[in-house]
Amino acid sequence: MRRHAGLAGDAQKAETKEEFVKVRRRDLERLTTEVMQLRDFLPKIVNEDILGTFQKLEAIESTMEKKEEEIEQLKMDCEHFRARLETAQADCMREKKEKLDLRQQLNEAKQQLLQQAEYCTEMGAAVCTLLWGVSGNEEAVKSILGGSKVVKFFTMTAQTMESFVKSLSEDMKQQDLDSDENQFVLALAGIVTNVAALACGREFLVNSSRELLDTMMHLLGHMKPGLCTKFKVSLTCVLIIFEKK
């Protein structure tokens with residue numbers, strides 16, 4: 001036990017010796033002075049730097065918050081514009097489909113109108129050709145002139161003749177004499193000729209259908225040579241009849 005106690009005492013002495021360091025008084029005083037100076041100046045320097053750093057940090061954080069708000073706003077605007085774009089695209093596709101449908105309907109309407117025009121021309125040619133033959137009878141002419149629609153008939157006759165002549169061009173000199181259009185106006189001119197051949201017919205045309213006679217004279221003066229010779233001959237015959245009578 002004494003041996004153990006001796007060892008413990010030696011260790012304590014060694015530990016006690018290690019706690020002390022020999023320093024010269026001059027160095028200790030210098031170190032103390034420097035420590036005091038650092039104690040006085042270090043807080044001021046550190047505080048100013050930290051304060052500036054904190055201010056910069058706050059400014060940066062404020063800027064970042066604003067940027068984040070701007071980014072969020074831009075995201076919202078982007079979503080808004082994306083929704084408007086999708087709506088506009090949907091409207092565009094719908095309008096495009098509507099236009100295609102309308103164009104198809106227009107083409108169908110044009111086709112139907114063309115078919116109706118062809119049918120009306122064909123029907124007009126057939127009816128007027130029959131009426132042309134009937135108008136060769138004096139009693140039939142008197143019956144026609146007594147009808148309630150006779151003035152309207154001669155007015156439409158003038159309009160049809162004028163429209164037909166306007167549609168002619170120089171390259172139509174060799175016109176198909178059997179066409180419905182040509183037969184239609186020829187039959188109308190023949191009817192007028194048969195009506196003008198009778199005194200009652202001439203009186204009616206002068207008093208009630210002067211527009212028809214004026215139109216026929218105008219057309220004769222403006223039709224180019226070589227176009228619709230038979231039609232021109234019919235118009236000329238009507239005017240000659242009036243001149244002789």
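Contact here means heavy atoms within 4.5 Å. All the close-ups below come from a predicted model.

**View 1. Valine 192 and its long-range contacts.**
Set aside the neighbours within four places in sequence, and valine 192 is in contact with Phe154, Thr157, Met161, Leu205, Leu212, Met216 and Val238. Several of these names come back in the next view, which moves out to the core around them.

**View 2. The largest nonpolar core, with its 35 residues.**
Which residues touch the most other members of this core? They are Phe154, Met161, Val192, Leu205, Leu212 and Phe231. Two or more residues come from each of α2 (25-134), α3 (138-145), α4 (150-166), α5, α6 (199-208), α7 (210-222) and α8 (229-244). Helix α5 gives the most, with 10 residues.

**View 3. Alanine 187, a buried spot in helix α5.**
Here we stay with helix α5, which covers residues 180-196 and holds alanine 187. Is alanine 187 buried or exposed? Its relative accessibility is 0%, so alanine 187 counts as buried, the cut-off being under 20%. Beyond its neighbours within four places in sequence, alanine 187 is in contact with Cys128, Thr129 and Trp132. Look for alanine 125 too: 62 residues separate it from alanine 187 in sequence, yet the two are 7.1 Å apart in space, C-alpha to C-alpha.

**View 4. Two cysteines, 128 and 237.**
Cysteine 128, one of the contacts of alanine 187, is buried, with a relative accessible area of 7%. Cysteine 237 is partly exposed, at 33%. How many disulfides does a search of the whole structure find? The count is 0.

**View 5. A nonpolar patch on the surface, built from Tyr119, Met123 and Val127.**
Now for the outside of the model. Together, Tyr119, Met123 and Val127 have about 290 Å² of accessible area. Tyrosine 119 lies in helix α2, an element that also gives two or more residues to the largest nonpolar core.

**View 6. Glutamate 79 and arginine 82, a salt bridge in helix α2.**
A search of the whole structure finds 7 salt bridges, and this view shows one of them. The side chains of glutamate 79 and arginine 82 meet at 2.8 Å, N to O. Both residues lie in helix α2, 3 residues apart, which is about one turn of the helix. Arginine 82 is partly exposed, with a relative accessible area of 37%.

**View 7. Arginine 94 and aspartate 91, another salt bridge in helix α2.**
The N to O distance for this pair is 2.9 Å. Arginine 94 and aspartate 91 sit 3 residues apart in helix α2, about one turn of the helix. Are these two side chains' residues buried or partly exposed? Arginine 94 counts as partly exposed at 43% relative accessibility, and aspartate 91 is partly exposed too, with a relative accessible area of 28%.

**View 8. Lysine 166 and glutamate 162, a salt bridge in helix α4.**
For our last stop we switch helices. The closest N and O atoms of lysine 166 and glutamate 162 are 3.7 Å apart. The two residues are 4 residues apart in helix α4, about one turn of the helix. Lysine 166 has 65% relative accessibility and counts as exposed because the cut-off is over 50%. Glutamate 162, on the other hand, is partly exposed, with a relative accessible area of 29%.

How values were computed: Residues are numbered from 1 along each chain as its sequence is written. This is a predicted model: local features need pLDDT of at least 70, side-chain atom pairs count only at pLDDT 80 or more; totals for chains, interfaces and linings use all residues. Side-chain values use heavy atoms; hydrogens and water are left out. Buried means under 20% relative accessible area, exposed over 50%, partly exposed in between (1.4 Å probe, protein chains only). A nonpolar core is a set of buried Ala, Val, Leu, Ile, Met, Phe, Trp, Tyr and Cys residues joined through side-chain atoms within 4.5 Å. Patches are made of residues with over 30% relative accessible area and no salt bridge: like charges are joined within 9 Å, nonpolar side chains (Val, Leu, Ile, Met, Phe, Trp, Tyr) within 5 Å. Accessible areas come from the Shrake-Rupley method with a 1.4 Å probe; for residues, only the protein chains shown count as cover. A salt bridge is a side-chain nitrogen of Lys or Arg within 4 Å of a carboxyl oxygen of Asp or Glu. A disulfide is a pair of cysteine sulfur atoms within 2.5 Å.
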